[in-house]
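Good morning, colleagues. I should like to take a few minutes to present one structure, beginning with a pair of helices and then turning to the nonpolar core. Please bring up the sequence and the model.

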Amino acid sequence: MTQPIQERNVVLVYVLGICTLGIYFLYWYIKTKREINENFGSSIPTCWLLIIPIANLYWMYKYAEAYSLHIIKDDNKALWALLFILVGIIVPAVVQLELNKYARNEIPMRQKSNRRCPNCGRVIPEDANVCPYCGKHFETFL
Ligand SMILES: [Zn+2]
């Protein structure tokens, strides 16, 4: 069963995160990773990588990539990845504020896409400017 996007109070996320010495932040990553993967079709890997040095940087890159491609849709994944890795403390605020808009239906969830990349043939978001898999740039939407 799909885990719906949950609205969370950002201040509360930080209060709980600090009170639990970071454990709640890990829980928050596990929950949001699942919500993002299930609702946006992204493939952020297991949160176990978060506790492994170096692998945690890769994980944060994948998380930032999903945020950029599927949630805020600005195609700026490198910038978000750099920001998330350098200033990790802002991630729950940045991501949760955006997820809350989906939870409150201020931004409608996208329907299942039928569009395929003409270059690699994989299913891609209807409104993608760039193929998330092969990186091909598209001139126009269709
Ligand atoms: Zn492609």
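What you see is a predicted model. I begin with how two helices are arranged: α2 and α3 are oblique to each other, because their packing angle is about 40° and any angle that is neither under 35 degrees, over 145, nor from 65 to 115 falls in that class. Helix α2 spans residues 23-40 and helix α3 residues 55-72, and their axes lie 11 Å apart. The crossing of the two is left-handed.

Which residues form this contact? From α2 come K33, I36 and F40, and they meet Y63, A66, H70 and I71 of α3. By character, the contact of α2 with α3 comprises 5 nonpolar residues, 1 polar and 1 charged.

I turn now to the core. The largest nonpolar core contains 18 residues, and M60, Y63, A64, A66, Y67 and F84 have the most contacts inside it. Two or more residues each are given by α3, by α4 (77-86) and by α5 (91-103). Helix α3 provides the largest share, with 8 residues. As general background, nonpolar side chains in soluble globular proteins tend to be buried together.

Let me take Y67 individually. Beyond its neighbours within four places in sequence, Y67 is in contact with I72, W80 and V95.

Finally, a contrasting position. P4 sits in the segment before α1 (10-19). Is P4 buried or exposed? P4 counts as exposed, because it has 12 C-beta neighbours inside 10 Å. From C-alpha to C-alpha, P4 and F84 are 24 Å apart in space, and they are 80 residues apart in sequence.

Thank you.

Methods: Residues numbered from 1 in each chain as written. Predicted model: local features only at pLDDT ≥ 70, side-chain atom pairs only at ≥ 80, totals over all residues. Axes fitted to C-alpha atoms, helices over the stretch in contact; angles between N-to-C directions. Helix = DSSP H or I, 4+ residues; strand = E, 2+ residues; numbered from the N terminus. Left-handed = near helix turned anticlockwise from the far one by under 90°. Contact = placed C-beta atoms within 7 Å. Nonpolar A, V, L, I, M, F, W, Y, C, P; charged D, E, K, R; others polar. Core = buried A, V, L, I, M, F, W, Y, C linked by C-beta atoms within 7 Å. Buried ≥ 20, exposed ≤ 12 C-beta atoms within 10 Å, placed from the backbone.
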